[in-house]
Amino acid sequence: MKPLKTESALTILSIFFIFISCSNSDDSESDPKTEICTKTCDKGFVLNTDSCECEKEVCSKTCDGNFILNTDTCECEEFIAKVIEVDASVVTLTEDWKKRTNIADYTGEGYIVWEGPGQTWKGNIGEVGKLTYTIDVPKAGTYLFQWRSYIAKKADVDPRSEHNDSWLKFPDADDFFAERAGGSILYPKGSGKSPNPAGENGNGFFKIYMNDIDKWSITTSTSDNNAHQIYVTFNEAKVYTVEIAARSDFHAIDSFRLIEQKP
């Protein structure tokens, strides 16, 4: 056998060493999955080591008393309720609603009173003397509804339960319900929800009554002999509609307000 020429032997050895060098190269240097993440995150964020991204930390803090959790800062902040106040007399009056100033201590420009025939148990709930208001809700949430009203004509018999109520509806709210201590919740007939209040109600209207004589009252109740307070839930901050309609004659309404409830 003839010996390989020197140049050929060197060429073969070079190819061999190149092959060995390539097969032993460390691919991990170019593999981003093995890189160590050294990113630091701001307060309220934690590092996801898989993605090397800062993610918002889940806050599990609880707040006591009149404080609520700010989920952005994970800090407890004092709850200050939003309040929406409306002068009931600032509206386009319909039918036999009248704007009056005879009763002392009204607020705003005056009060409204239904001076037409009473509309109790006539099957036309909310159809007579309907007034439409718009309110600008600044913050989503559940609000307590209260109006300031007056029995403007005292009946000879049982004056606390005559001339003392009107109809109320929130047609485009996300929820409209009545509640009392202990957790009992009621919905107006016609809302598609139950249970419903005792006494007359329907077409999505609650009968709202009070039983105070000779004074403006913020008592705002529904359900006969089982008083429940009125609540409204708004899922968005925007403009909503309030409807008030005639029921008792000589029931006067001065104003109404909605008070945001603590979440």
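Leaving aside neighbours within four places in sequence, which residues is Ile135 in contact with? That seemed a good way into this one, so I start there and work outwards. Bear in mind throughout that this is a predicted model.

1. **Ile135 and its surroundings.** Once those sequence neighbours are set aside, Ile135 is in contact with Ile84, Val86, Phe170, Phe234, Lys238, Val239, Tyr240, Val242, Phe256 and Leu258. Lys238 is on that list too, alongside residues such as Val239 and Val242.

2. **The cores.** Ile135 belongs to the largest nonpolar core, which has 33 residues. The members that touch the most others there are Tyr133, Ile135, Leu168, Phe170, Phe234, Phe256 and Leu258. Apart from this one lies another core, of six residues, including Ile103, Val113, Tyr150 and Ala252. As background, nonpolar side chains in soluble globular proteins tend to be buried together.

3. **The chain overall.** You will be looking at a lot of strands: the secondary structure comes to 17 of them, plus one helix. The chain has 263 residues, and 35% of them count as buried. Take the contacts between residues at least 6 apart in sequence, and 66% of these join residues at least 24 apart. The exposed surface is about 15800 Å², with carbon and sulfur atoms supplying 50% of it.

4. **Phe176.** Have a look at strand 11 (residues 175-180), where Phe176 sits. Phe176 counts as buried because its relative accessibility is 9%, and the cut-off is under 20%. Beyond residues up to four places away in sequence, Phe176 touches Leu168, Lys169, Phe170, Tyr187, Pro188, Gly204, Phe206, Ile230, Tyr231 and Val232. Two of those names, Leu168 and Phe170, also came up among the best-connected members of the largest core, the ones that touch the most other members. As for Gly204, it is 28 residues from Phe176 in sequence, with a C-alpha to C-alpha distance of 8.8 Å.

5. **The pocket.** The largest pocket has a volume of about 300 Å³. It is lined by 15 residues, and the closest to its centre are Ser161, Asn164, Asp165, Lys207 and Arg247. How many residues of the lining are nonpolar, polar and charged? The lining divides into two nonpolar, seven polar and six charged.

6. **Thr120 and Arg247.** Arg247, one of the residues closest to the pocket centre, comes up again with Thr120. The two are 127 residues apart in sequence, yet their C-alpha atoms are 5.6 Å apart. Thr120 lies in the loop between strand 7 and strand 8. Is it buried, partly exposed or exposed? Thr120 counts as partly exposed, since its relative accessibility of 33% falls between the 20% and 50% cut-offs. Its contacts, leaving out neighbours within four places in sequence, are Glu200, Arg247 and Ser248.

7. **Positive phi values.** Most residues other than glycine have a negative phi, which makes two loop residues worth a check. Trp121 has a positive phi of about 55°, and is found in the loop between strand 7 (111-114) and strand 8 (131-136). Trp121 is exposed, with a relative accessible area of 64%. Asn225 also has a positive phi, near 60°, and is found in the loop between strand 14 (221-222) and strand 15 (228-234). At 84% relative accessibility, Asn225 counts as exposed.

8. **The cis bond.** Most peptide bonds are trans. Where is a cis peptide bond found here? It joins Ser194 and Pro195, with omega at about 5°. Pro195 is in the loop between strand 12 (184-186) and strand 13 (206-209), and Ser194 has its place in the loop between strand 12 and strand 13. Ser194 counts as exposed because its relative accessibility is 56%, and the cut-off is over 50%. From Ser194 to Phe177 is 17 residues in sequence and 9.8 Å in space, C-alpha to C-alpha.

9. **Lys39.** Last stop: the loop between helix 1 (6-23) and strand 1 (45-48), which holds Lys39. At 36% relative accessibility, Lys39 counts as partly exposed. Not counting residues up to four places away in sequence, Lys39 touches Leu47, Cys52, Glu53 and Cys54. Thr49 is ten residues from Lys39 in sequence and 9.2 Å from it in space, C-alpha to C-alpha.

Conventions. Residues are numbered from 1 along each chain as its sequence is written. This is a predicted model: local features need pLDDT of at least 70, side-chain atom pairs count only at pLDDT 80 or more; totals for chains, interfaces and linings use all residues. Side-chain values use heavy atoms; hydrogens and water are left out. On a 1 Å grid over the protein atoms alone, a cavity is a set of points where a 1.4 Å probe fits but cannot get out, and a pocket is an open set with protein on both sides within 12 Å along at least five of seven lines; lining residues have an atom within 4 Å of a point. Grid points are joined across faces, edges and corners, and a volume is the space filled by probe spheres set on the points. Ala, Val, Leu, Ile, Met, Phe, Trp, Tyr, Cys and Pro count as nonpolar, Asp, Glu, Lys and Arg as charged, and the others, Gly among them, as polar. Helices (H or I, at least four residues) and strands (E, at least two) are DSSP runs, numbered from the N terminus. Buried means under 20% relative accessible area, exposed over 50%, partly exposed in between (1.4 Å probe, protein chains only). Contact means heavy atoms within 4.5 Å. Accessible areas come from the Shrake-Rupley method with a 1.4 Å probe; for residues, only the protein chains shown count as cover. A nonpolar core is a set of buried Ala, Val, Leu, Ile, Met, Phe, Trp, Tyr and Cys residues joined through side-chain atoms within 4.5 Å.
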